[in-house]
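Welcome to this guided tour! Please open your viewer, switch on a cartoon view, and get ready to select residues as we go.

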Amino acid sequence: MTRDRPRNGRGRRSRTVSLSLRDRGQTTQDFIVGIGVFILAVAFVFSFLPTMLTPFDSSTSGGQTAQADRVADRLVHNLSDGTANEIDGNQLENYDDDHNVSKALGLRTNQDGDPIQRVNVSLQPLNESTTVKGFGPEYDDQSAASSARIVTVEDGPDDCDPACRLVVRIW
């Protein structure tokens, strides 16, 4: 059984719809450039995203921040003259070097008695960032965990009238 197919005048079949890629405008080079631009855009997003979150990330751990808070609490308790948040300015002189600070505050030390972590304590007026009294190693704006307490100072410097900020930094 044969079918008769319509033929054009020359004995061939009529032309049907073709899916040939010859008539398309996209070449292999266009495809490669498009994929390359897409990969570069994705790489830019992944490399830029962490820098957006960096200001909110701290290089100090939560343990260091908690330790700075505990040291500040212990200092206020040890230097207190019985009134809440009032410290005796004369007792600040007992903390003159790193060994006394580490021993008095219960910080870890190595076998020689040198502190493992550095602790800087400073007493600053509320309206300024200058240090009235301080002890421990010099703090040079390095990354450190800090804790502050507002205290009144009995028998202390005149700069602490009416109150001062007791700042503890650990690094």
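What separates Phe44 and Phe48 in helix H1? Keep that question in mind while you get your bearings. The model in front of you is predicted.

**Stop 1: the whole chain**

Colour the chain by secondary structure. The protein chain has 3 helices and 5 strands. Reading from the N terminus on, you should meet the elements in the order α-α-β-α-β-β-β-β. The chain has 171 residues, and 25% of them count as buried. Now switch on the surface: the accessible area is about 12700 Å², and carbon and sulfur atoms own 51% of it. Among the contacts with a separation of 6 or more, 61% join residues that are 24 or more positions apart.

**Stop 2: helix H1 and its two rings**

Select Phe44 and Phe48 and show their side chains. Here is the answer to the opening question: these residues are 4 residues apart in helix H1, so about one helical turn separates them. The structure holds 1 aromatic pair, and you are looking at it: Phe44 and Phe48 are stacked, with 5.7 Å from centre to centre and 5° between the planes. Are these rings buried or exposed? Phe44 is exposed because its relative accessible area is 53%, while Phe48, at 43%, counts as partly exposed.

**Stop 3: a nonpolar patch**

Next, select Phe31, Ile32, Ile35, Phe38, Ile39, Val42 and Phe46. Together they form a nonpolar patch on the surface, with about 730 Å² of accessible area. Pick out Ile39, a member of this patch that lies in helix H1, residues 28-53. Its relative accessibility is 53%, so Ile39 counts as exposed.

**Stop 4: the nonpolar core**

Hide the surface and go inside. Select Val71, Leu75, Leu123 and Val168: these have the most contacts inside the largest nonpolar core, which has 23 residues. Helix H2 (62-79) and strands S2 (119-125), S4 (145-154) and S5 (164-170) each supply at least two residues of this core. Which element gives the most to this core? Helix H2 does, with 6 residues.

Zoom in on Leu123 and show what surrounds it. Leaving aside neighbours within four places in sequence, Leu123 is in contact with several residues, including Leu92, Val132, Val151, Val153 and Leu166.

**Stop 5: an arginine in strand S5**

Select Arg169, which lies in strand S5. Is Arg169 buried or exposed? With a relative accessible area of 17%, Arg169 is buried, because the cut-off for buried is under 20%. Leaving aside neighbours within four places in sequence, the contacts of Arg169 include Arg118, Asn120, Ser122, Gln124 and Tyr139.

**Stop 6: the loop between H2 and S1**

Finally, select Ala84 and Asn85. Both places are in the loop between H2 and strand S1: Ala84 lies there, and so does Asn85, with S1 covering 86-88. Ala84 is exposed, with a relative accessible area of 70%, whereas Asn85 is partly exposed at 40%.

Try a distance from Ala84 to Thr152: they are 68 residues apart in sequence, and their C-alpha atoms are 9.1 Å apart in space. Then look at the backbone of Asn85. Most residues other than glycine have a negative phi. The phi of Asn85 is near 55°, a positive value in a residue other than glycine.

Terms used. Residues numbered from 1 in each chain as written. Predicted model: local features only at pLDDT ≥ 70, side-chain atom pairs only at ≥ 80, totals over all residues. Heavy atoms only, no water. Patch = residues over 30% accessible without salt bridge, like charges linked within 9 Å, V, L, I, M, F, W, Y side chains within 5 Å. Areas by Shrake-Rupley, 256 points an atom, 1.4 Å probe, with all protein chains shown as cover. Salt bridge = Lys/Arg side-chain N within 4 Å of Asp/Glu carboxyl O. Buried < 20%, exposed > 50% of the residue type's maximum accessible area, 1.4 Å probe, protein only. Core = buried A, V, L, I, M, F, W, Y, C linked by side-chain atoms within 4.5 Å. Contact = heavy atoms within 4.5 Å. Phe/Tyr/Trp six-rings, centres within 6.5 Å; stacked < 30°, edge-to-face > 60°.
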